[in-house]
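Trainee: Hi, have you got a few minutes to go through a model with me? I'd like to ask about it piece by piece.
Mentor: Sure, put it up and ask away.

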Amino acid sequence: MSILTYIFGWPLIAALALVFVPRNFRVVMRAVAVAATFISAVLALKMFIQFSGAPAGASGFKFESQVVPWVKSLGIGYHVGVDGINVGLVLMGAIVAFAAACVSWEIKEREKEFYILLLVMAGGILGAFASLDLFLFYFFHELALVPTFIMIGVWGRGLQKNYATFQITLYLSLGALIALVGLIILYVQAGAGTFDIPELIRLSKEKPLLGGAQQQLIFPLLLFGFGILVSLWPFHSWAPLGYGSAPSPTAMLHAGVLKKFGLYGLIRIALPLLPEAARSWMPVVAWLCLGNLVYCGWVAMRQKDFNWLIGYSSVAHMGFVFLGIATLSLIGVTGAVVVMIAHGFLAALTFGLSGYIYQQTGTLEMGQLGGLFRRLPFIGAVLIMAAFAGCGLPGFANFAGEITVFFGAWQSYQVVTILACWGASVVGAIYMLRAIRAMLHGALPGKWATVADASNAWRKAPFVILLAGLLVFGFFPRLLTEKIVPSVNDRVLVTSSK
Amino acid sequence: MNLCLVNHEWLVIALGLAVLLADLWVPPGARKNLGYAAALGLIGILVYSVLAFRLGEAQVQYAFGTMYALDGLSLFFKRFFILAAIIVLVMSVEFAETFAAGIGEYYALILFALSGMLFASSVNNFALLFVSLELITVTFYVLTSFHRSRLTSLEAGVKYLIIGALSTGFTVFGIALVSGISRTLDFNELSRVAGQYSQNPVFLFGLLLVMVGLGFKIAAFPFQIWAPDVYQGAPTPTTAFLAIGSKAAGFALLLRVLFVAVPDVTLQWSKLLVIMSAITILYGNLCAIPQRNLKRLLGYSSIAHAGYLLLGVAAAAAALGHSGVDPHAGAAALLYYLTGYLFTVLGAFTVLCLVLQHLQGEDVESLAGLNQRSPLLAATMTLAMVSLGGIPPLAGFFGKFLLFKAALVQGATQSAYYWLVAIAIAGVVISLYYYFAVIRVIFWSREVPDLSPIKTSKPIQVALYGCVVGMFLLGIYPNPVVNWAAEAVQVLR
């Protein structure tokens with residue numbers, strides 16, 4: 001068994017174990033959840049460090065594990081492995097899962113069900129990123145997606161909770177089903193009788209598996225199916241409402257990790273297997289991503305609720321990734337992967353912080369907050385750092401990714417890049433800094449005099465770890481890029497360059 | 001003739017007669033336990049079936065001339081029906097107190113309906129088709145109106161009787177036309193001559209009328225109109241048996257007629273099947289949205305599922321036109337989906353049976369607070385709804401995956417199948433809305449009028465755990481059932 005199996009297996013086993021823990025053993029449940037996610041985070045870190053030295057399999061993946069076919073007649077098998085593209089995503093996912101389990105102390109009712117769902121979600125996401133089988137890849141994603149709906153419905157907040165639950169359920173299920181149809185047509189028309197991704201890529205390197213017309217049919221299904229899951233403009237409207245209503249651990253895991261599934265799917269499946277269609281659709285994607293970057297940034301400026309603001313901001317950040325993918329160049333796609341990882345840390349950090357503030361004050365209306373920096377020196381400082389990372393300040397991983405994306409994009413889409421730069425650095429800075437001013441600075445209303453800062457190391461740990469992720473990859477982006485570049489060369493752009 | 005071939009049917013009929021006789025001697029207080037005896041008997045028959053009947057691929061044995069065929073497909077369906085009847089019998093024991101009298105007859109009627117389904121799975125002749133169809137339908141007239149003092153139950157029985165009689169009339173007329181033109185009732189003979197009559201309007205009209213009768217059984221549009229009323233009015237175990245047994249029998253007959261008797265005509269009709277499937281899916285799902293009565297909701301949802309199953313039939317019909325890699329994918333997917341549907345629907349109806357039997361209303365709200373009253377029932381109902389919605393890792397997802405795959409293969413040559421899948425996806429998204437609404441009531445309703453715990457007997461717990469395990473197993477480890485289904489459909493053309 002490869003280390004990857006343990007990375008996503010521990011949370012799932014822990015979820016199963018929690019089923020048998022009696023309801024009133026609160027401490028045990030918390031400890032099991034935190035321990036399981038901690039183990040998988042440590043294992044993911046170990047894998048990340050050993051990655052460069054590990055031997056690669058025949059298809060170029062490391063830490064591979066392939067088990068006898070699962071459904072033999074259809075060519076579905078259990079196959080996991082990592083290359084430079086998903087090794088960072090698995091690490092980021094495992095760390096965010098640990099942080100989400102840590103901040104779950106804010107959940108006070110029906111804790112048993114919450115921790116079970118949280119662990120299933122964490123295991124599902126990590127499994128999806130580790131899978132090298134199309135069916136398994138989709139299966140794990142759905143496994144992670146369904147708990148999201150239930151968690152928003154049961155533990156969500158705000159008046160629009162029920163509406164948000166139904167909207168996010170129906171919208172995301174539609175996106176997932178469209179992507180599923182695209183994947184099935186891909187499997188059927190490729191005619192290779194296998195769901196194995198490395199095998200499909202290998203076959204298409206030898207000779208294109210799909211003709212132009214077939215690619216033109218499948219690509220839009222994948223693009224818009226995954227696009228709905230990633231909140232590509234104009235399919236983003238579920239995101240701010242959903243995140244605004246979700247409990248913060250759920251928002252952290254979904255916005256930080258699960259949402260990257262669609263982007264990862266595009267990079268892993270759509271670009272290498274459907275190169276012709278990708279080339280013809282990419283200008284469309286480049287212009288749509290402006291909708292994310294500029295339009296959603298603009299909308300974020302007008303938000304009065306901090307959670308809605310960071311919801312829109314996370315939609316806006318997806319624009320960078322789409323722009324990077326749209327370039328179909330080595331630099332652009334590498335940058336896109338770096339942004340995916342950076343934004344995972346960032347989104348988890350901001351939603352975790354907003355959850356903390358909500359826990360203390362009971363509101364996230366920026367008009368009612370103010371002067372909280374005096375009462376919350378630690379949380380306030382981390383929030384300011386997160387805001388800086390969100391504006392794309394050098395030193396944070398976001399900067400490294402975004403600048404790479406812009407370098408890549410300049411060659412193909414100059415107008416789009418100019419507008420995107422403007423949207424990213426000006427609009428992003430305005431709403432982030434305004435939020436900081438409204439919440440942390442100014443006079444402290446009397447009713448918040450009792451607000452307490454994160455007191456002990458346990459409460460601080462999740463934020464410190466996420467911030468550390470942003471800073472480490474911000475100062476040493478090479479840790480990521482030197483792994484990503486060969487993989488992108490070998491397995492993403494190989495057919496499109498010919 | 002080898003009489004052993006009909007052993008399933010003999011044994012079930014003998015069991016039914018034994019239950020009727022035992023009813024005379026067993027003291028009234030213990031009569032409801034006859035249901036357990038009957039269920040045990042069926043378990044014995046199931047074990048016997050698995051041990052004694054092993055058939056290789058595409059091997060067919062005939063009884064009564066060639067009227068009755070025992071092959072992989074019929075064995076698959078026979079075991080399927082027996083399994084369904086076992087769970088329905090256990091459910092009926094819980095339900096026994098609501099009947100004024102005659103519980104022994106109720107069990108016996110379930111067994112007689114089961115024998116009709118067993119015959120239906122082996123049909124190879126229009127005469128046997130009609131007899132088995134009537135055996136099922138006539139017993140269901142009684143089963144539906146078994147609550148003799150309740151007006152809704154009687155109303156359901158009358159509605160089922162009138163529309164059932166009408167569709168029987170159509171079927172007989174259709175059979176008469178088909179056999180009048182082709183001078184045969186036998187499916188093997190018919191498949192040889194069907195090609196030369198495939199343009200004959202009278203022959204086609206006759207087949208169309210047979211389709212009307214079968215469409216009534218599976219509750220497909222435009223013959224679905226009876227389903228919601230009958231599902232709502234009938235006693236819950238009857239509804240459950242109607243939803244799974246009667247529907248599956250309809251599909252067993254449909255597969256036999258379309259793919260054994262008249263494959264040449266079926267190919268021409270693939271467009272018709274596509275349209276029927278699409279409208280059935282949309283009708284069932286859209287009409288389910290405003291329903292408040294749980295059994296009625298499941299009635300509409302069962303119409304929608306008939307649509308998904310027809311999607312498999314439509315895919316198999318188009319596959320007749322060209323020799324693809326896997327010509328039977330559609331039919332195999334249908335069998336897989338039905339198997340998952342069995343565990344899912346019976347799980348859901350068992351929960352309803354336990355929760356609703358002491359209540360006047362059957363509104364969705366009566367499930368409020370179920371997770372506090374009985375975590376097992378709440379979990380089963382939730383899993384059943386999630387599986388019906390088609391979400392992994394449960395049975396419904398893999399079934400839909402196989403069905404969609406079978407249809408998308410055909411999309412490469414006929415784009416109508418792409419549109420059919422698009423409609424099916426719209427249906428799935430709509431269905432999530434009403435399935436999740438049920439889950440929401442279970443877990444987070446504001447007002448919970450009744451928090452008394454619900455007692456569950458040991459046999460019913462076993463049945464519920466069986467359904468849950470079935471749902472998970474078919475969703476997580478589909479390999480064995482996929483292979484069985486693939487072997488079973490080898491006999492089809």
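Trainee: Where in chain A is the place of Pro234(A)?
Mentor: Pro234(A) sits in the loop between α8 (212-230) and α9 (238-245) of chain A. Keep in mind as we go that this is a predicted model.

Trainee: And what is the peptide bond from Trp233(A) to Pro234(A), cis or trans?
Mentor: That peptide bond is cis, with omega near 5 degrees.

Trainee: What about the peptide bond from Pro392(B) to Pro393(B) over in chain B, cis or trans?
Mentor: Cis, and omega is near 5 degrees there. Pro393(B) lies in the loop between α16 (375-389) and α17 of chain B.

Trainee: Back to chain A for a second. What phi does Ser231(A) have?
Mentor: A positive one, about 60 degrees, although Ser231(A) is not a glycine. This residue belongs to the loop between α8 and α9 of chain A.

Trainee: Is Ser231(A) buried or exposed?
Mentor: Ser231(A) counts as buried because its relative accessibility is 0%.

Trainee: Leu328(A) caught my eye too. What is its phi?
Mentor: Leu328(A) has a positive phi of about 55 degrees, and Leu328(A) is not a glycine either. You'll find Leu328(A) in the loop between α13 (306-327) and α14 (330-361) of chain A.

Trainee: Why does Leu328(A) count as buried?
Mentor: Its relative accessibility is 18%, and buried means under 20%, so Leu328(A) qualifies.

Trainee: Changing topic: how many residues does α16(B) have, and how far does it reach?
Mentor: α16(B) has 15 residues and covers 21 Å from its first C-alpha to its last, close to the 21 Å expected at 1.5 Å a residue. The helix is mostly covered, with 13 of those 15 residues buried. Just after α16(B) comes Gly390(B), which takes a positive phi of about 85 degrees.

Trainee: Then there's helix α17 of chain B. Which residues does Lys405(B), in that helix, contact?
Mentor: Leaving aside neighbours within four places in sequence, Lys405(B) is in contact with Leu74(A), Ile184(A), Tyr187(A) and Val188(A). Helix α17 itself runs over residues 395-411 of chain B.

Trainee: A lysine! Is Lys405(B) buried or exposed?
Mentor: Lys405(B) counts as buried, because its relative accessibility is 10%.

Trainee: Which residues are buried in α20(A)?
Mentor: Leu480(A), Lys483(A), Ile484(A), Ser487(A), Val488(A) and Arg491(A) are. Their cover includes α2 (26-50), α3 (84-103), α7 (197-206), α11 (260-273), α14 and α19 (457-475) of chain A.

Trainee: What span should α20(A) have?
Mentor: At 1.5 Å a residue, the 14 residues of α20(A), numbered 478-491, should span 20 Å, and the end C-alpha atoms are 20 Å apart, so the two agree.

Trainee: Let's zoom out. How many helices and strands does chain B have?
Mentor: Chain B has 20 helices and two strands. Its C-alpha atoms fill a box of roughly 65 × 50 × 40 Å along the principal axes.

Trainee: How does its radius of gyration look against a compact globule?
Mentor: For 493 residues a compact globule would have a radius of gyration near 23 Å, and chain B has 21 Å, so that agrees. Buried residues make up 64% of the 493 in chain B.

Trainee: And what supplies the exposed area of chain B?
Mentor: Chain B exposes about 16,700 Å², and carbon and sulfur atoms supply 67% of that.

How values were computed:
Residues numbered from 1 in each chain as written. Chains lettered and ligands numbered in written order. Predicted model: local features only at pLDDT ≥ 70, side-chain atom pairs only at ≥ 80, totals over all residues. Heavy atoms only, no water. Helix = DSSP H or I, 4+ residues; strand = E, 2+ residues; numbered from the N terminus. Rg over C-alpha atoms; globule rule 2.2 N^0.38 Å. Buried < 20%, exposed > 50% of the residue type's maximum accessible area, 1.4 Å probe, protein only. Areas by Shrake-Rupley, 256 points an atom, 1.4 Å probe, with all protein chains shown as cover. Contact = heavy atoms within 4.5 Å. Expected span 1.5 Å × (residues − 1).
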